[in-house]
Amino acid sequence: MFNNLSEKLDKAFHILKGHGKITEVNVAETLKEVRRALLDADVNFKIAKDFTTKVKDKAIGQNVLTTLQPGQLLVKLVKDELTELMGGEATGINLSGHPAVILMSGLQGSGKTTFSGKLANYLKTKKGKKPLLVACDIYRPAAINQLHVVGNQIGVDVYSEPENKNAVQIALNAIQHAKSNGFNVVIVDTAGRLAIDEEMMNEIANVHAAIKPQETLFVVDSMTGQDAVNTAKAFNDRLNFDGVILTKLDGDTRGGAAISIKSVVDKPIKFIGTGEKMEAIDVFYPSRMAERILGMGDVISLVERAQEQYNEEEARKIQKKIAKNEFGFDDFLAQIQQIKKMGNMKDLVGMIPGAGKALKDVEIEDDAFKHVEAIIHSMTPKERSKPSILDMKRKTRIAKGSGRKIEEVNQLLKQFDQMSKMMKMMQGPGGKNMMKMMGG
Ligand code: GDP
């Protein structure tokens, strides 16, 4: 996420770190580099200019040059200003209606249908809601099918009327259906076009006027940079929406949309999409995003994700198995599944302070465990629970079966053995001291 921008900002601050004595001249030089980095990230010219002017004024106001660590203070000022620019505080969504009605808007391909599913899944699993998804695209039957597929995947009902060509009517019928069947949130997915056109705008404005949603959300592909900002402006002029959803932040996004959109439409970014999976949705926290952009990582989000996956009962079971020396490859596979649920590897690594920069040239696969899993899947259940029975012949078979090299099989077995010994040690009588040593 935003690798390029992070790298350039880091370089900008290097100017300050390189000088023994910091002068007004190199503060100005740094800020010029910051501005250039923002422009490269496709941030609008005026926004980038205002940004550095504000930081500079604050730096002068706080007498940056006379402080003990002017470089650090300047980084902090930039971080604060970035946070402010992206909206300050996180903003939730309004779920006050009975049912609460959420209208989704945006261009075709922005990720509207995918996000509707993600939001339904989020409200169901995290907020205990009973959502209903509504397919309101009267032009593309494929879009209706897509929403049904998504609904099936997450176990959420989908309302559609494939024969009905009146979007307003479908939406109103859906709300009625929700009322009579105990749904407390209705998410209306509307038709999008490849570009803004009058007919589409009229249609969604009519639906908006008829259903009076508690929340109107505008979905935009963050990869489209300045275009994203222009589209947001056009939709906001017609719909006066309540919030923005930025999708595809997992890709090679330059960052311009995330940074500029709030100040152009004066509406907060509420959620972000970070992948194609239904779990790849995050509440947007401006300060955490600013920290990530500045390469400071996002430990809070990382811990939150780990906590979400933590299952006390499961943890106790694993502990017992370790104590009895029964921790096998099947348990190991289950642990890998837990980690995978936290998000893709690139994203997770980006949340560790400094890691993004340190590993910038390392190719991290989205599915980093693929090969390990293939090797384990090639073992018999008996071998998985007791890997010590594996002989050379079987190891060679496993390597063939999984399409990996024998060295990789050996390495995995060796690492697994070391890990098992280590875990056993942590559990044993000496373990308590070791835990203490590690601060536990
Ligand atoms: P719609 O036309 O606006 O409904 O867009 P879709 O929901 O069909 O999404 C268009 C494409 O973008 C699909 O291939 C999605 O899988 C993909 N997509 C949606 N959101 C994300 C995201 O956050 N990250 C990535 N990488 N792809 C996404």
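**Tour: from residues 268-281 to the ligand shell and helix α13**

Select residues 268-281. Their end C-alpha atoms sit 16 Å apart. Strand makes up 43% of this span, and helix 0%. An unreviewed UniProt entry annotates residues 268-281 as "domain: SRP54-type proteins GTP-binding". Keep in mind that the model you are viewing is predicted.

Next, show the ligand and its surroundings. The shell around the ligand holds 18 residues. Which of them come nearest? Gly 111, Lys 112, Thr 113, Thr 114 and Gly 273 do. Colour the shell by residue class: 13 are polar, four are charged and one is nonpolar.

Now select helix α5, residues 112-127. This helix gives the most to the shell around the ligand, contributing three residues.

Move on to helix α13, residues 312-323. Put a distance label between its end C-alpha atoms: they are 17 Å apart. Why does that agree with expectation? At 1.5 Å a residue, the 12 residues of α13 should span 16 Å, so the two values agree. Step just past α13 to Asn 325, which takes a positive phi of about 65 degrees.

Finally, zoom out to the whole chain. Colour by secondary structure to find 21 helices and eight strands. Along the principal axes, the C-alpha atoms fill a box of roughly 70 × 70 × 40 Å. The chain has 440 residues, of which 40% count as buried. Turn on contacts between residues at least 6 apart in sequence: 73% of these join residues at least 24 apart.

Conventions
Residues are numbered from 1 along each chain as its sequence is written. This is a predicted model: local features need pLDDT of at least 70, side-chain atom pairs count only at pLDDT 80 or more; totals for chains, interfaces and linings use all residues. A residue is near a molecule or strand if its C-beta atom, placed from the backbone, lies within 6 Å of it. Helices (H or I, at least four residues) and strands (E, at least two) are DSSP runs, numbered from the N terminus. Ala, Val, Leu, Ile, Met, Phe, Trp, Tyr, Cys and Pro count as nonpolar, Asp, Glu, Lys and Arg as charged, and the others, Gly among them, as polar. The expected span of a helix is 1.5 Å times one less than its number of residues. A residue is buried if 20 or more other C-beta atoms lie within 10 Å of its own, exposed if 12 or fewer, and partly exposed in between; C-beta atoms are placed from the backbone. Two residues are in contact if their C-beta atoms, placed from the backbone, lie within 7 Å. UniProt positions are given in the numbering used here, feature names are shortened, and annotations may be inferred rather than shown by experiment.
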